[in-house]
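This report looks at charged side chains that pair with one another, and at how far such residues are shielded from solvent. Please keep the structure at hand while reading.

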Amino acid sequence: MASISSVKPGFVNLSPLEFTQLSHPPLLIDVRSQFEYATGHAPDAVNLSLPRILMANISGISNWILPQWFRDLSKEQPIAIICLTSHRSPIAADCLVKLGFAQIFNITGGMVEWQKLKLETVKGKD
């Protein structure tokens, strides 16, 4: 298995290559804007912007700010977070830990590193 190095209690960093080599990859959430997501994202990634995740911590509004598929996730569901350069993803990862999710992974280098490694990319909205 890929080497996994923890940077902060609560979530684990994975490189894009390590993520693609996992035999059972976690759900991948792309926290960029819809426009950024449409310009190119990892296969099977779902889009949920960082501002929406941040607002989920505000009591009482998560029911209308978060999509149903996200609200239905088990707190044990492994989730990986990716953004453009790995600036937003650790913020989102930390927020998901605070929301009670137990298995969170941060994709280091973001989509810039993903594309640099020439890993498969999908364009458009899924």
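A residue is called buried when its relative accessible area is under 20%, exposed when that area is over 50%, and partly exposed in between. The model discussed here is predicted. With a relative accessible area of 19%, Glu36 therefore counts as buried, because the cut-off is under 20%. Its partner Arg88, at 23%, is partly exposed.

**Salt bridges**

Side chains of opposite charge can pair when their charged atoms come close. In this model the count comes to three salt bridges, set out below with the N to O distance of each pair.

| Basic residue | Acidic residue | N to O distance |
|---|---|---|
| Arg32 | Asp30 | 2.8 Å |
| Arg88 | Glu36 | 2.9 Å |
| Lys98 | Asp94 | 3.3 Å |

The salt bridge between Glu36 and Arg88 has its closest N and O atoms 2.9 Å apart. Because Glu36 lies in helix α2 (residues 34–39) and Arg88 in helix α6 (residues 88–98), the pair ties together parts that are 52 residues apart in sequence.

Helix α6 also holds both members of another pair, Lys98 and Asp94, which lie four residues apart, about one turn of the helix. Their side chains meet in a salt bridge at 3.3 Å, N to O, and Lys98 is exposed, with a relative accessible area of 60%.

**Asp30 and its surroundings**

How is the pair of Arg32 and Asp30 placed, buried or exposed? Arg32 is buried, with a relative accessible area of 2%, and Asp30 is likewise buried, with a value of 0%. Asp30 is found in strand β3 (residues 27–30), and its side chain makes a polar contact with the side chain of Arg32 at 2.8 Å. Leaving out residues up to four places away in sequence, Asp30 touches Tyr37, His41, Ala45, Val46, Asn47, Leu48, Ile82 and Met111.

**Asn106, a buried polar residue**

Asn106 is found in strand β6 (residues 104–107) and is buried, with a relative accessible area of 2%. Which side chain makes a polar contact with the side chain of Asn106? That partner is Ser89, at a distance of 2.5 Å. When neighbours within four places in sequence are set aside, the residues in contact with Asn106 include Phe11, Val12, Asn13 and Leu14, as well as Ile81, Ser86 and Pro90.

Conventions. Residues numbered from 1 in each chain as written. Predicted model: local features only at pLDDT ≥ 70, side-chain atom pairs only at ≥ 80, totals over all residues. Heavy atoms only, no water. Salt bridge = Lys/Arg side-chain N within 4 Å of Asp/Glu carboxyl O. Buried < 20%, exposed > 50% of the residue type's maximum accessible area, 1.4 Å probe, protein only. Helix = DSSP H or I, 4+ residues; strand = E, 2+ residues; numbered from the N terminus. Polar contact = N/O pair within 3.5 Å; in protein donor to acceptor, adjacent residues only side chain to side chain. Contact = heavy atoms within 4.5 Å.
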